[in-house]
Amino acid sequence: MSRRTIQLDMPVHQWLMTHSLRETPIQRELRDAMEGHPEGEMQTSPEQVQLLSVLLKTMQASRVIEVGVFTGYSAMGMAMALPDDGVLVACDLSPEHMAVAQEWWDRAGVSDRIQPRVGPAADSLAAMIDAGEAGTYDFIYVDADKTGYPEYYELGLQLLRPRGLLTFDNMLRGGRVADPEVDDESTVATRELAAKLLADDRVEYSLNPIGDGLAIAMLRP
Ligand code: CA
């Protein structure tokens with residue numbers, strides 16, 4: 001019927017939410033609590049977290065990295081998709097955000113699977129490589145400062161195992177990537193990563209118009 005992705009107007013989006021979301025009460029409570037938060041738009045959309053959860057379970061992932069935690073909604077959903085002995089390394093610059101996230105993870109009963117790393121994410125990722133963890137992660141989700149994306153990409157590729165997935169949120173920047181008038185540094189960095197992903201023969205690649213645009217790259221074996 002359609003050769004291109006449809007536009008989601010409000011009724012269709014509402015239908016999608018009502019007829020597909022399987023949020024637990026604590027996930028819903030966290031999302032509702034962030035409704036009026038001044039930075040609430042930093043939170044990953046619930047349908048996207050559910051997609052990440054399906055991918056994790058399909059891969060039987062047990063080792064995950066998140067770059068950009070905010071108040072913990074996406075990490076909570078991903079941690080719930082891991083086995084009991086799974087590990088999610090959660091990287092964020094802000095100790096304040098991490099403290100809020102940890103309270104929510106405690107309440108959701110997933111804190112034992114999450115290892116918080118506060119500080120610049122590039123430093124945390126480099127430290128993991130130095131600690132001998134290259135090639136040991138199944139899945140990486142990046143939703144952080146866009147100017148860091150090209151660097152997170154190169155560090156992330158080192159940490160992934162073959163056929164692992166490296167994913168990036170906000171690749172469409174609310175449509176700004178396609179507007180030639182827009183040249184802020186975040187949009188420029190996002191375009192830089194998009195060009196790299198398209199041309200990079202180290203990965204299989206798909207850019208998906210879910211949420212604000214989700215790039216999925218699989219490290220070729
Ligand atoms: Ca985001």
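The following questions and answers walk through a predicted model, from its sheet to its calcium site and salt bridges.

Trainee: In what order do the seven strands of the open sheet stand?

Mentor: The pairing in this sheet is mixed, and neighbouring strands are turned by 15° against each other on average, direction ignored. The edge strands, which pair on one side only, are β3 (114-118) and β6 (203-208). Read across the sheet, the order is β3-β2-β1-β4-β5-β7-β6.

Trainee: Which residue in β5 does I140 stand opposite?

Mentor: Strand β4 covers residues 137-142 and strand β5 covers residues 160-168, and the two pair in the parallel sense over five bridges. Opposite I140, in β5, stands L166.

Trainee: At about what angle to β6 does helix α8 run?

Mentor: Helix α8, made of residues 185-199, lies across β5, β6 and β7 (214-219). Another helix, α4 (residues 73-80), lies across β1, β2, β3 and β4 and runs at about 175° to β1. For α8 against β6, the angle is about 135°.

Trainee: Which residues are the protein donors of the calcium ion?

Mentor: The donors lie 2.3 to 2.7 Å from the ion, and along the chain they follow the spacing D-x25-D-N. D143 lies in the loop between β4 and α7 (149-159) and D169 in the loop between β5 and α8, so this pair ties together parts that are 26 residues apart in sequence. D143 and D169 are both buried. The residues that provide the donors are D143, D169 and N170.

Trainee: Is D138, which forms a salt bridge with R161, buried or exposed?

Mentor: The closest N and O atoms of D138 and R161 are 2.8 Å apart. Because D138 lies in strand β4 and R161 in strand β5, the pair ties together parts that are 23 residues apart in sequence. With a relative accessible area of 10%, which falls under the 20% limit, D138 is buried.

Trainee: How far apart are the closest N and O atoms of the salt bridge between R220 and E204?

Mentor: R220 lies in the segment after β7 and E204 in strand β6, so the pair ties together parts that are 16 residues apart in sequence. R220 is partly exposed, with a relative accessible area of 36%, and E204 also counts as partly exposed, at 38%. The closest N and O atoms of this pair are apart by 2.9 Å.

Trainee: How many salt bridges does the count come to?

Mentor: Among the pairs is that of R173 with D184, whose closest N and O atoms are 3.5 Å apart. Salt bridges that share partners also join E154, K196, D200 and R202 into one network. The count of salt bridges comes to twelve.

Key: Residues are numbered from 1 along each chain as its sequence is written. This is a predicted model: local features need pLDDT of at least 70, side-chain atom pairs count only at pLDDT 80 or more; totals for chains, interfaces and linings use all residues. Side-chain values use heavy atoms; hydrogens and water are left out. Two strands pair if DSSP finds at least two bridges between them. Helices (H or I, at least four residues) and strands (E, at least two) are DSSP runs, numbered from the N terminus. Axes are lines fitted to C-alpha atoms, for helices over the stretch in contact, and angles run from 0 to 180 degrees between N-to-C directions. Contact means heavy atoms within 4.5 Å. Donors are N, O and S atoms within 2.8 Å of the metal (3.2 Å for Na, K and Ca); water is not among the atoms, so sites may look incomplete. Buried means under 20% relative accessible area, exposed over 50%, partly exposed in between (1.4 Å probe, protein chains only). A salt bridge is a side-chain nitrogen of Lys or Arg within 4 Å of a carboxyl oxygen of Asp or Glu.
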